[in-house]
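Ready for some practice in reading contacts between helices, domains and chains? Take a look at the model below, then work through the exercises.

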Amino acid sequence: MSGEVKSRRGAEYIITDPFIDAAFVKYLISSQDRLEVLKRQARVYSETGDIGEGLTTFHIYKNEVKSYIINKFKSIYNERMLEKEISKIGDEKAKRAWRVVITLLASQQLMSRAGAGAGEFLPKEYGRLENLASILDTLIEEKTRQRGVGAPNVVKNVIKKYGRELVPELAPLLWWINLVMESEVFEGILKYHFLVLKKSQALEFAKIAEVELSEIEGHKADLEYMEQEMLKGLLSRCAELRGQYINKLQTAILFIKLWRRRIKNPEGWEWFLKNEILTYALSVYLTELQSYLGFEKRKLNISTLLSPKSGIYAGPSSALSSLILLSPIFMQYVIEASNKVIITPADIIVAVLRIAKSSMKAEDYVIGVRNIVEEILKFWHESNILQRLKLYTQSEMDPKAIISELENRFVTSLALIINTGIRGIIITTRERPEFHLPPRMDGFDSLYIRTEQLLPILNGVWV
Amino acid sequence: MRGMSAPSNIAVFRRFVEETTGRLSFGQIERRFEKALDENPVFAEINKSGALNKNIIVILGGRGCGKTLLLRYIKYKLINENWQFEYVNGADVAKLRPDEAKKRLEGIMSKYLSEDLMKDPNYRIAIAIDDVAEVNEIASEQLKNIIAHVKIYEGKFKLILAAQSESQRTMPLLSNTLPLSPFAETLFGEKPEQAILDSFKSSYIKRKSISLFRGAALINLDAYWSSLRSLSKIEDLAEVIVKIVNFYIKNAFTDYNDGKAEIIDKINKVKHGLAFLALSSLPKISSQADNIIIEYKGGEDRALNGLGIAELISKLFADSELELQAEEAEEFYRFLKDVKTDINVNEVEEVLLKACPESGYMTPLKDSPISSIIPVQILQQPSQQQAKAGAGRKRGPKANIIEVRIRSGGLESLRYIIMSSLRTDPRGYVASESVKRIGEFVKLGVPAESEQRFLIVFIPTCEEIKNLYKAVGYDHRKRIGRDILPICLDGLSDIEKAFIRFVKSETIHPTILRSAYKLVIGTLLLNLRDNFGMPSLAYLMLPYVA
């Protein structure tokens, strides 16, 4: 084991404190002037790929935010330690906070440009970044009020204060912040999901171990316990944490894990290890897309997804990056808010590529909406997303029923892809215009796929 | 009072024009303007275009552009062609409760568009809804239904909709209600939303006031005036002013006798001067997001539209200072039109710096260090080279900068326009120093769209745009047209060049110097266009509708 790996492991409590992350974001959006600059830069980002890290506003923010964080958190952390840690991680966290806000605003603008999606997929609060500052402030205040208050208790207190209705309203914003600010932790979690998705030999180990142990007199077989502890171990390995610090991991992914209304005991690990959807779906989307693009190694880096883009496809690639990261958030939010299942933009892109590959369609092709929805269901089934969705929704998972339900929701995600300038997917009618694409409600029943146009944009996501 | 002398004729005329500039109802306008409607130059152009033959006529324009007067003209034309004409005041409908407003619109439909009436071969009805954007806000579905009837009763039902361009309610009418109405495609073409919005957004810039669609017409009255907003068009504008005066005279007096010649004489003497003063008004930007320019008469400001010109005419007979200004401007124009001169990029820069304080919201920062608007030292990475370069280097290069104070939506913010140019040497080669300077600005992060800093690059001719690409570099080429804005000077006419030369040297009579500065901002800027023909500098410097 190399020394470098060793040093990465441990309870890095300041680095992985989600309240410190929240404070980086809160400080950035708390000034109206800065927010105006961010809104304009978000538009530039989705049109040219420039995220604005060369701006004076960013440099000034980066310099100021560190002392804000130290002042805010010195009541609960050792001040010297805090200064030392913030001087090490401050620039990187400031950069992430900047990316969080720019991409969040860009996604809001994309949805409003598309004329669809925001109302159906996300709550109204998603479009109001101004209100987020006060919620983040409450979270920070609650955490810094007194030393030693556990993170889950802080979240519980805030939820209690604002009421449970707030949970789904604010969830998408907090999920997004958490995913990007703690990206290296989540990259570990994505790695874990990748392992689970592959159903590798490692997962068979529990059974083998129980068989071996059964040779020992007095051993009481408990496969479930063995499995759970082994999955925890794998998660710790993937997240680069020592096994005993698994609850530190919980703190780092606090909003993703605890901000769930549908989970009865979100603090427990069992559901997260086996039934988590949000981060699992993200891992699946990334690995699926990359496999069709022919990447030799998987790139599960969230920061790369939201990094500045360049080249002629920079604008649409930036838009697509945001849509890919938004897709699992859409999926999770709709489950939280309405117990239903939706098709996300990432599902459509994956399905389009799957169809192209399976039928060796190297060039342009036309495919009916129904065929795409069927392909998405097939993909969900193969990647185990469908089985997980069943646990949380009341939707009938009978293919026929789900197809008719999903077709309508398919249109909203398609509108997001088409109306945000991602070229290569065009609506067309072969028989009769059964569906209508908002906002102009153009009729269509099929998609005309121009892979030659779509692939460079998709490749641009990871450039 | 019969047989009064000429001054009383002037008094009658002045009173008539003054009353016209007040807020008049459709009924009042109808009574005041009964004669010579065909002679009004604005109406003549609309009539010539064939727009009035369309089934749906959408009229847009800023405050004071004459929408209601145009409705009066349309009524006159249609009644002559045996149409019935019904005027609906949208502002009155919008005052009702939403359910009452809906009922009111349904009532209009059942009263004028019933099947029984439509069976009558001689029955033809035109319904004009003034201030329709207000109605749309509370009863868009009913409005869509009325629009659908235009197609159902094609040839027998004509709908005229008038809306104020600056109203925030107008965009939903154009982007949702009209294009999403049943049969929108048959009225506006295959992509109705795009067709309507493109036509509206580009009409002012392209100076094209009338767009004809399959079954509809869109008249942007502001675009009519924009076609005259140029120093090269001053002769045409002067003739329009004379025609408007004639139109007023014919409606102000019971008979058009010799006594009125005095009014015409006075106008004729200073018609170019009046046109010059009309051009020294500022058009406004009505929507920050879409850069829609409109003509707008607000408060005491001058305006280049029906109301603005009416005010100029009435003041000419009442305000000796304005009369003096008109005379000086007339003289200046007569002198200016024969001057032939060439100008260089520096002169344009200088004129803009001199003119901008006249706006009241722009400040020139001449030869200022860049560090006065951005903390250059933050952006520069500390390096040995920089340490050696000394303190002067930390302030970065200097430039002429214009600070624009923007008030929009209750918020105030600052925008900076940093001016630079690609100079050419006497042999016509671009000076490498100016190329380097632009490169340095870009490297230092001087232009930044989101921080509202724009680098304007004056280029002698559009052909030389390639030098800008060279100066900016491959990585930043996408920013050309966003925060690096080329302005080509080859679009300027001789008279504009001569005007720039005289404003720069301030050899203009002090009485009209301030008007000349305003003309630079309000009119000249619109002719300073980029390589795609867009007035990008005007977008940055014109005021927003308050």
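Three exercises follow, each with a worked solution, on a predicted model.

**Exercise 1.** Describe how helix α5 and helix α9 of chain A pack, and list the residues that meet.

*Solution.* Start with the geometry: two packed helices are described by the angle between their axes and the distance between the axes. For α5 (residues 79–114) and α9 (residues 166–181) of chain A, the angle is about 145 degrees and the axes lie 9 Å apart. Next comes the handedness: α5(A) and α9(A) cross in a right-handed way. Now go to the residues. From α5(A) come Lys93(A), Arg96(A), Ala97(A), Arg99(A), Val100(A) and Leu104(A), and they meet Trp176(A), Ile177(A), Val180(A) and Met181(A) of α9(A). Sorted by class, this contact has 7 nonpolar, no polar and 3 charged residues.

**Exercise 2.** Work out which helix of domain 1 of chain A gives the most to the side that touches domain 3 of chain A.

*Solution.* First place the domains: domain 1 covers 3–182 and domain 3 covers 278–460 of chain A. Their centres, taken over C-alpha atoms, are 28 Å apart. Then look at the contact, where 30 residues of domain 1 of chain A touch 27 residues of domain 3 of chain A. On the domain 1 side, α3, α5, α6 (118–121) and α9 of chain A each supply at least two residues. The most come from α5(A), with 8 residues. By class, that side holds 17 nonpolar, 7 polar and 6 charged residues.

**Exercise 3.** Characterise the side of chain A that touches chain B.

*Solution.* Begin with the counts: 14 residues of chain A contact 12 residues of chain B. On the chain A side, α3 (32–48) and α4 (56–73) are the elements giving two or more residues, and α3(A) gives the most, with 6 residues. Finish with the classes: 4 nonpolar, 7 polar and 3 charged residues make up the chain A side.

Terms used
Residues numbered from 1 in each chain as written. Chains lettered and ligands numbered in written order. Predicted model: local features only at pLDDT ≥ 70, side-chain atom pairs only at ≥ 80, totals over all residues. Axes fitted to C-alpha atoms, helices over the stretch in contact; angles between N-to-C directions. Helix = DSSP H or I, 4+ residues; strand = E, 2+ residues; numbered from the N terminus. Left-handed = near helix turned anticlockwise from the far one by under 90°. Contact = placed C-beta atoms within 7 Å. Nonpolar A, V, L, I, M, F, W, Y, C, P; charged D, E, K, R; others polar. Domains from an automatic or database assignment.
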